[in-house]
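This briefing goes through helix packing, sheet order and one residue environment. The sequence and structure are shown first.

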Amino acid sequence: MGCNSSVAYRRSEKAIRAAILIQNWYRFTKARLETRRRYSLSIFQSIEYADEQDQLQLANFFTFMLDHCTHPDSVSHILTSPGVSQVVDEGLSLTEFENKIDVPDSYYGPRLSFPLTVEDANALLHAFRNEQLLHARYVLQLLCETRRVLKEMPNITHLSTSYSKEITVCGDLHGNLDDLLLIFYKNGLPSEQNPYVFNGDFVDRGKNSMEILIILFAFLLIYPNDLHLNRGNHEDYIMNLRYGFTKEVSKKYKDHGKLILCLLRDVFSWLPLATIIDSKVLILHGGISDTTDLDFLNALERSKLKSLMRPPKSVRDRQDQLKERIPTTRLSKHIANQNVAGKTQHISSSGSTEPSGSNLPQDPALKEWKQMLDILWSDPRSQNGCTPNKSRGGGCYFGPDVTAKLFERYNLKMLIRSHEFKPEGYEISHDGKVITIFSASNYYEEGSNRGAYIKLNPELIPRFVQYQVSKYTRRQNLQERVGTIESSALKSLREKIYAYRSELTSAFAQYDLNNTGRISVSDWAVAMESVLQLELPWRMLRAQLVQMTPNGEVDYMSCFYDLKIGQPTKQVQPALVETLCRYRKDLEIIFNIIDKDHSGLISLEEFGQTWKLFASHLGIDMCDESLDKLVLSIDYNKDGHIDFNEFLEAFHVVHRLEKKANS
């Protein structure tokens with residue numbers, strides 16, 4: 001009897017040890033996967049913010065181009081109201097669109113009549129679920145009506161929970177229609193009993209920005225007192241040029257795209273800037289600064305600021321003065337100095353590279369621009385103080401003390417903002433006083449993050465509802481999902497690394513005095529950060545990016561082994577090719593503007609002139625002979641024109657391993 005119980009005890013002890021071993025292994029595996037997921041998301045976010053800095057540079061270039069372009073008319077419509085704006089003036093009625101634009105019998109989508117009803121909104125939802133387009137006539141009528149309603153609204157909307165049980169607050173959607181449809185499915189459609197606040201960034205990045213706008217604007221017209229829209233930093237026509245919305249509209253509405261975009265530019269400028277609930281909860285897109293003045297924001301003429309990418313002239317003059325202090329260098333040397341010429345230059349809340357709150361002339365236009373820039377672009381940080389937001393290149397970082405100061409001044413209790421990707425869809429900071437809400441799930445990659453929205457009850461206690469649109473990830477286990485995210489993030493990072501090959505090679509060489517091709521891990525990490533300035537954990541990433549030698553050193557050229565430019569361009573200066581690769585996004589935007597007839601063809605003269613202007617603006621010194629060789633090498637059929645799609649492909653970074661797998 002005793003022997004049997006002893007055997008049973010030993011078996012039980014072994015089972016417990018095995019269970020503990022399995023549990024420890026599971027926890028270790030989960031922790032490793034979570035680490036991989038987090039550094040992958042850090043890569044995505046760092047590259048996103050670096051791209052926003054590039055966008056600010058591009059906005060400055062548009063102004064520079066106007067001053068120096070031989071044919072300024074080719075770009076002036078980007079910075080000023082185009083002639084088409086006369087067609088969508090304030091007095092245009094809905095019936096005029098009916099007379100001007102025919103809807104053919106072959107159109108089977110929704111046919112809207114104004115004023116809109118809930119049935120119209122349901123018809124739109126049904127059509128968009130089935131990937132139908134709304135006809136251009138109805139889009140233009142909807143936008144005109146939306147502008148009319150928005151113009152009657154104040155800059156800061158005041159709401160009360162006393163008239164409803166809860167108010168739902170949603171963050172960035174970024175063109176992800178599936179997220180909006182899922183929110184409505186889980187939470188119900190907007191109505192008098194179910195009010196919503198959508199906190200900006202409805203457009204860009206995703207492929208259904210237009211459909212999201214149409215749905216939100218339709219419900220705004222039906223329930224103007226129950227659906228509320230705040231402006232985000234992407235409700236900006238210059239931002240839309242880079243991040244996809246302009247391209248989406250032009251593709252979906254070829255005949256009336258310019259008219260729609262022109263009207264949208266006006267509609268975006270009339271979106272309210274903030275919402276306050278029960279005089280206690282402030283909702284705005286980005287954040288605040290130490291100079292944020294809600295009374296001033298409520299009184300300014302918000303529609304004057306069509307784009308925050310174009311600072312007032314006093315700020316542009318100051319930036320030009322700063323740029324003049326930086327000497328122009330040869331192309332090869334420019335690569336090493338890019339951090340000075342580009343990365344550290346940003347639009348802060350002070351209107352220059354100076355800290356927030358510095359003494360500047362009291363220019364009314366400058367103050368309006370600064371105030372709006374801060375609330376649309378700023379991010380919270382755990383450290384006290386208010387400093388320029390160097391990651392994004394615009395707005396500021398604000399600490400708990402800045403939040404407390406604003407709350408004391410206006411007797412507030414909570415700040416709800418969006419603007420920042422969060423893996424779980426939301427984040428609470430500043431001792432519970434600041435909430436970030438982000439409603440676009442799968443933002444960087446399928447499975448990368450959840451979306452969320454907030455339910456605020458009359459006691460103003462937030463309740464978070466998380467979700468994730470799942471099309472493919474349900475069939476994947478956790479390891480496969482993390483692997484997909486990691487692979488996509490590393491692909492983006494490697495492309496960034498290759499575009500800075502010459503700078504990185506020069507930086508590595510400074511630590512490799514004997515020209516061995518090897519440096520220490522520490523030196524490699526310092527060199528990577530000094531050039532790319534992405535604030536990434538390079539030591540942790542080294543196993544994914546470079547090969548190690550047996551003695552623990554980094555073979556630094558191995559980070560370029562599996563990458564190359566799409567189509568080799570012989571006899572062209574390598575540094576020039578890399579520079580074009582780096583700025584291909586900017587060039588795509590510029591050339592799409594120049595290519596008015598959307599033929600995709602640009603003359604060699606236009607290409608040469610525009611690239612010279614772009615290089616001059618960035619401080620890149622280059623020889624005409626090198627540019628001439630480049631132009632001739634990509635005029636494949638020798639007809640005197642460049643097919644710009646072929647140009648983009650020529651300077652696209654190709655992953656050699658992927659190419660082999662696909663061949």
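Helix 5 crosses helix 7 in the left-handed sense. The model is predicted, and the points below describe this crossing, a second helix pair, two open sheets and one serine.

**Helix 5 and helix 7**

- The axes of helix 5 (residues 136-151) and helix 7 (residues 209-222) are 10 Å apart, and the helices pack at an angle of about 50°.
- Angles from 35 to 65 degrees fall between roughly parallel and roughly perpendicular, and helix 5 and helix 7 are therefore oblique to each other.
- On the side of helix 5, the contact is made by Val139, Leu142, Leu143, Glu145, Thr146, Val149 and Leu150.
- Helix 7 contributes Met210, Ile214, Phe217, Ala218, Leu220 and Leu221 to this contact.
- By class, the residues in the contact of helix 5 with helix 7 are 11 nonpolar, one polar and one charged.

**Helix 6 and helix 7**

- Helix 7 also packs with helix 6 (residues 177-187), at an angle of about 35° and with the axes 9 Å apart.
- The crossing of helix 6 and helix 7 is left-handed.
- From helix 6, Leu177, Leu180 and Phe184 take part in the contact.
- These residues meet Glu211, Ile212, Ile215, Leu216 and Phe219 of helix 7.
- The contact of helix 6 with helix 7 has seven nonpolar residues, no polar residues and one charged residue.

**The five-stranded sheet**

- Five strands make up an open sheet with mixed pairing, in the order 4-3-2-15-16.
- Strand 4 (227-229) and strand 16 (462-467) are the edges; each has a single partner strand, so one side of each has no neighbour in the sheet.
- From one strand to the next, the twist of this five-stranded sheet averages 20°.
- Strand 3 (residues 196-198) and strand 4 run parallel and are joined by three bridges.
- Within this pair, Val197 stands opposite His228 in strand 4.
- Helix 6 packs on the sheet and touches strand 2 (167-170), strand 3, strand 15 (451-456) and strand 16.
- The direction of helix 6 makes about 125° with that of strand 16.
- Helix 7 lies across strand 3 and strand 4, and runs at about 125° to strand 4.

**The six-stranded sheet**

- Another open sheet is formed by six strands in the order 1-5-6-12-14-13, again with mixed pairing.
- Its edge strands are strand 1 (156-159) and strand 13 (426-429), each of which pairs on one side only.
- The twist in the six-stranded sheet averages 20° from one strand to the next.
- Three bridges pair strand 5 (residues 274-277) with strand 6 (residues 281-283) in the antiparallel sense.
- In this antiparallel pair, Ile277 stands opposite Val281 in strand 6.

**Ser488**

- Ser488 is located in helix 16 (residues 478-499).
- The relative accessible area of Ser488 is 18%, and buried means under 20%, so Ser488 is buried.
- Leaving out residues up to four places away in sequence, Ser488 touches Phe44 and Glu445.

Technical notes. Residues numbered from 1 in each chain as written. Predicted model: local features only at pLDDT ≥ 70, side-chain atom pairs only at ≥ 80, totals over all residues. Heavy atoms only, no water. Pairing = 2+ DSSP bridges. Helix = DSSP H or I, 4+ residues; strand = E, 2+ residues; numbered from the N terminus. Axes fitted to C-alpha atoms, helices over the stretch in contact; angles between N-to-C directions. Parallel < 35°, antiparallel > 145°, perpendicular 65-115°, else oblique. Left-handed = near helix turned anticlockwise from the far one by under 90°. Contact = heavy atoms within 4.5 Å. Nonpolar A, V, L, I, M, F, W, Y, C, P; charged D, E, K, R; others polar. Buried < 20%, exposed > 50% of the residue type's maximum accessible area, 1.4 Å probe, protein only.
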